[in-house]
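Trainee: Please pick one part of this model and take me through it closely. Then work outward to its surroundings.

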Amino acid sequence: VFAISAAFSTSVALAQDFNLDLGSPSSPFGVPSPSYAGPANRPGVWQAIEADVTNNLTTVDGSSSAATLRILSQIGYFFDNDYPGTTGEDQALLDDSHQSYPFATYRFEDLEPGHYRVYTAAVEVYQANAFAWEILGLSSMQGAYDIAGTWPGAHHLARNYLIHDFLVTDGILQIRGTSAEPLHDNAQVSGFQLVRVDDPGGPFCYGAAPYAGSGYCPCNN
């Protein structure tokens, strides 16, 4: 397994980098400003996702692309609620979300071929119960892992976001969120950051504990 560099070509990355904020049209929290970097540390234009199908996704430089986000779920809806502790730009991203049960598949279509690093952000916007939920990148280099949905005051891997790497050859990239307790709680996704990575490497390990032995880290370190 090879560790891969986070460096990438700016011209390539801008063409297919996306910052997406999922939430209801009536959400009072709005979308983050272009200066907000999010968990991917990638500032740029944030696009509001308020429907099950969004065509011509806007890239971080504000241009229109051919890409589409299609949300497939048995029961799914957009939701907003004030999560304790989040403020400002973090609140704008995290305090509204797409909710689903038992699961939802977020299908990106018509992406340019290449290596994409996807940051999936989420907190427990619906807090009636405190169950974690699973985030899986279908055909990703990493496995499935539960996200705690908590906010420790800053973006924290496995608490409010997860990372998955994809080698896209057919234009399609898919993330699935699955509720751990579909009778009592929902899977929740607040946003995505897709970063086009220009590198020759392979799967990347994002740390040891708590991922060792979980299947999330491909090299099981």
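Mentor: Start with a term: two strands pair if DSSP finds at least two bridges between them. Keep in mind that this is a predicted model. The part I pick is β1, residues 18–22.

First, its setting. The chain has 221 residues, and 50% of them count as buried. Its secondary structure comes to two helices and twelve strands. In sequence order the pattern reads α-β-β-β-β-α-β-β-β-β-β-β-β-β. Among contacts with a separation of 6 or more, 73% join residues 24 or more positions apart.

Now β1 itself. Five of its five residues are buried. In a regular strand the side chains alternate between the two faces of the sheet. F18, L20 and L22 lie on one side of β1, N19 and D21 on the other. Both of these faces are covered.

Next, the partners. β1 runs parallel to β2, with four bridges between the two. N19 in β1 faces W46 in β2. On to β12: β1 and β12 run antiparallel and share four bridges. Here L20 has F192 opposite.

These strands belong to an open sheet of five, in the order β2-β1-β12-β6-β9. The pairing in this sheet is mixed. β2 and β9 (161–168) each have a single partner strand, so they form the edges, with one side of each left without a neighbour in the sheet. Neighbouring strands in the sheet are turned against each other by 20° on average, direction ignored.

Step across to β12. Strand β6 (residues 114–121) joins β12 (residues 191–197) through seven bridges, and the two run antiparallel. T120 sits opposite F192. F192 also stands opposite L20 of β1.

Follow F192 further. Leaving out residues up to four places away in sequence, F192 touches F18, N19, L20 and L22, among others. Its list also includes W46, Y106, F108, V118, Y119, T120 and I175. A second, separate core of 16 residues includes W46, A121, V123 and W151.

What about the largest nonpolar core? That core has 30 residues. L22, Y106, F108, L111, L173 and F192 are the members that touch the most others. L22 belongs to the face of β1 formed by F18, L20 and L22.

The rings come next. A pair of aromatic rings is described by the distance of the centres and the angle of the planes. The count comes to five aromatic pairs. Y77 and F79 make one that is edge-to-face, with 6.4 Å between centres and 85° between planes. With a relative accessibility of 32%, Y77 counts as partly exposed. F79, at 24%, is also partly exposed, because that term covers the range between 20% and 50%. Ring pairs also tie Y106, F108 and F192 into a cluster.

Back to the stretch that follows β1. G38 lies in the loop between β1 and β2 (46–49). G38 has a relative accessible area of 14% and is therefore buried, as the term means under 20%. Outside its sequence neighbourhood of four places, G38 touches W46, H155 and Q193. G38 and Q193 are 155 residues apart in sequence, yet 8.0 Å apart in space, C-alpha to C-alpha.

For contrast, look at β7 (residues 133–138). Its covered face holds W133, I135 and G137. Its uncovered face holds E134, L136 and L138. In β1, both faces are covered. β7 pairs with β8 (residues 145–147) in the antiparallel sense over three bridges. There W133 stands opposite I147. The hairpin of β7 and β8 has six residues between the strands, and S139 takes a positive phi near 65°. β7 also pairs with β10 (residues 173–179), antiparallel over six bridges. L138 has Q174 as its bridge partner in β10.

One last loop. T59 is found between β3 (53–54) and β4 (68–80). Its relative accessibility is 1%, so T59 counts as buried. The side chains of T59 and D61 share a polar contact of 2.3 Å.

To close on β1: β12 partners it in the antiparallel sense, and β2 in the parallel one.

Conventions
Residues numbered from 1 in each chain as written. Predicted model: local features only at pLDDT ≥ 70, side-chain atom pairs only at ≥ 80, totals over all residues. Heavy atoms only, no water. Buried < 20%, exposed > 50% of the residue type's maximum accessible area, 1.4 Å probe, protein only. Polar contact = N/O pair within 3.5 Å; in protein donor to acceptor, adjacent residues only side chain to side chain. Contact = heavy atoms within 4.5 Å. Core = buried A, V, L, I, M, F, W, Y, C linked by side-chain atoms within 4.5 Å. Axes fitted to C-alpha atoms, helices over the stretch in contact; angles between N-to-C directions. Phe/Tyr/Trp six-rings, centres within 6.5 Å; stacked < 30°, edge-to-face > 60°.
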